[in-house]
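Welcome! Take a moment to turn the model around on your screen before reading on. We will then walk through some of its features together.

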Amino acid sequence: MTAMAHEPLSQEEVLLEGFLALDTPEGFRAELIEGEIVVTPPPDGDHEDYIGLIVNQVIRRSQTDMQFSGNKGLKLRRGGECPKDHVVPDGTFAPMGLRLYRGAESWMPGDGVAMVMEVTSTKPQADREAKRRCYARAGIPLYLLVDRDTAQVTVFSEPKEDDYREHCARPFGKSVTLPEPFAFDLDTADLL
């Protein structure tokens with residue numbers, strides 16, 4: 001019997017394999033964000049209420065018919081020495097005409113996604129910084145951040161390399177414009 005020599009796995013490959021093999025408790029979700037495995041507990045009711053309020057407006061008011069997916073795994077471009085980011089946005093919106101989710105695997109690429117949404121919870125810095133960079137690197141046109149600690153909604157736009165070039169932040173109670181393909185003012189009064 002001949003032994004086959006195998007190349008040792010790189011640290012990046014070991015991390016990715018370990019991440020993909022995780023068995024998280026029911027309701028928890030695991031993400032691989034900029035080379036770090038992040039596990040978050042199930043969201044609280046206010047978190048889900050905010051998502052529902054925003055999704056209702058997007059579906060009713062967008063100029064383009066939108067499809068929504070809550071907790072859809074996205075496999076995004078890698079940054080630096082890190083493996084590809086594996087993130088699970090609180091919300092992912094794509095034009096209905098693309099039928100982007102049909103036939104998609106558990107972890108799908110971000111191509112065709114019009115906007116991702118995060119509502120801050122137990123690890124707000126990940127939503128404010130690391131995930132913002134991941135979404136920009138992937139070229140996702142819009143990132144909507146609902147920051148419960150600061151009581152504001154921010155729309156990030158014009159992704160370039162590791163960040164978004166533009167952003168517009170409004171306190172809860174003030175509307176914020178979602179540009180094309182949504183093309184409407186998101187009312188945040190119900191978030192108060």
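Let us begin on the outside of this predicted model. Leu22, Phe28, Ile37 and Val39 come together as a nonpolar patch on the surface, and their accessible area adds up to about 290 Å². One of these residues, Val39, sits in strand 2 (residues 36–40). Is Val39 buried, partly exposed or exposed? With a relative accessibility of 35%, Val39 counts as partly exposed, because that value falls between the limits of 20% and 50%.

Next comes the largest pocket, which holds about 360 Å³ of space. It is lined by 26 residues, and those closest to its centre are Arg29, Thr40, Pro41, Asp90 and Ser121. Several elements give two or more residues to this lining, among them strand 1 (29–33), helix 2 (45–61) and helix 3 (124–137).

Now compare two serines. Ser157 belongs to strand 10 (residues 152–160), while Ser106 is found in the loop between strand 6 (91–95) and strand 7 (107–109). Ser157 is buried, with a relative accessible area of 16%, whereas Ser106 is exposed at 58%. Leaving out residues up to four places away in sequence, Ser157 touches Pro141, Leu142, Tyr164, Arg165 and Glu166; under that same kind of limit, Ser106 is in contact with Lys72 and Gly73. Ser106 also lies 23 Å from Ser121, C-alpha to C-alpha, with their positions 15 residues apart in sequence.

Finally, look at the charged side chains. Side chains of opposite charge can pair when their charged atoms come close. The model has twelve salt bridges, and the table shows some of them.

| Salt bridge | Closest N and O atoms | Separation in sequence |
|---|---|---|
| Asp85 – Arg137 | 3.1 Å | 52 residues |
| Arg128 – Asp147 | 2.5 Å | 19 residues |
| Asp149 – Arg128 | 3.2 Å | 21 residues |

Where do the partners in these pairs sit? Asp85 is in strand 5 (residues 85–87) and Arg137 is in helix 3; both Asp85 and Arg137 are buried. Arg128 is in helix 3 too, and its partner Asp147 is in strand 9 (residues 142–147). The other partner of Arg128, Asp149, lies in the loop between strand 9 and strand 10. Asp147 is buried, with a relative accessible area of 4%, but Asp149 counts as exposed at 55%. Asp85 and Arg137 also take part in a network of salt bridges that includes Glu34, Arg133 and Asp162.

Key: Residues are numbered from 1 along each chain as its sequence is written. This is a predicted model: local features need pLDDT of at least 70, side-chain atom pairs count only at pLDDT 80 or more; totals for chains, interfaces and linings use all residues. Side-chain values use heavy atoms; hydrogens and water are left out. Helices (H or I, at least four residues) and strands (E, at least two) are DSSP runs, numbered from the N terminus. Buried means under 20% relative accessible area, exposed over 50%, partly exposed in between (1.4 Å probe, protein chains only). Contact means heavy atoms within 4.5 Å. Patches are made of residues with over 30% relative accessible area and no salt bridge: like charges are joined within 9 Å, nonpolar side chains (Val, Leu, Ile, Met, Phe, Trp, Tyr) within 5 Å. Accessible areas come from the Shrake-Rupley method with a 1.4 Å probe; for residues, only the protein chains shown count as cover. A salt bridge is a side-chain nitrogen of Lys or Arg within 4 Å of a carboxyl oxygen of Asp or Glu. On a 1 Å grid over the protein atoms alone, a cavity is a set of points where a 1.4 Å probe fits but cannot get out, and a pocket is an open set with protein on both sides within 12 Å along at least five of seven lines; lining residues have an atom within 4 Å of a point. Grid points are joined across faces, edges and corners, and a volume is the space filled by probe spheres set on the points.
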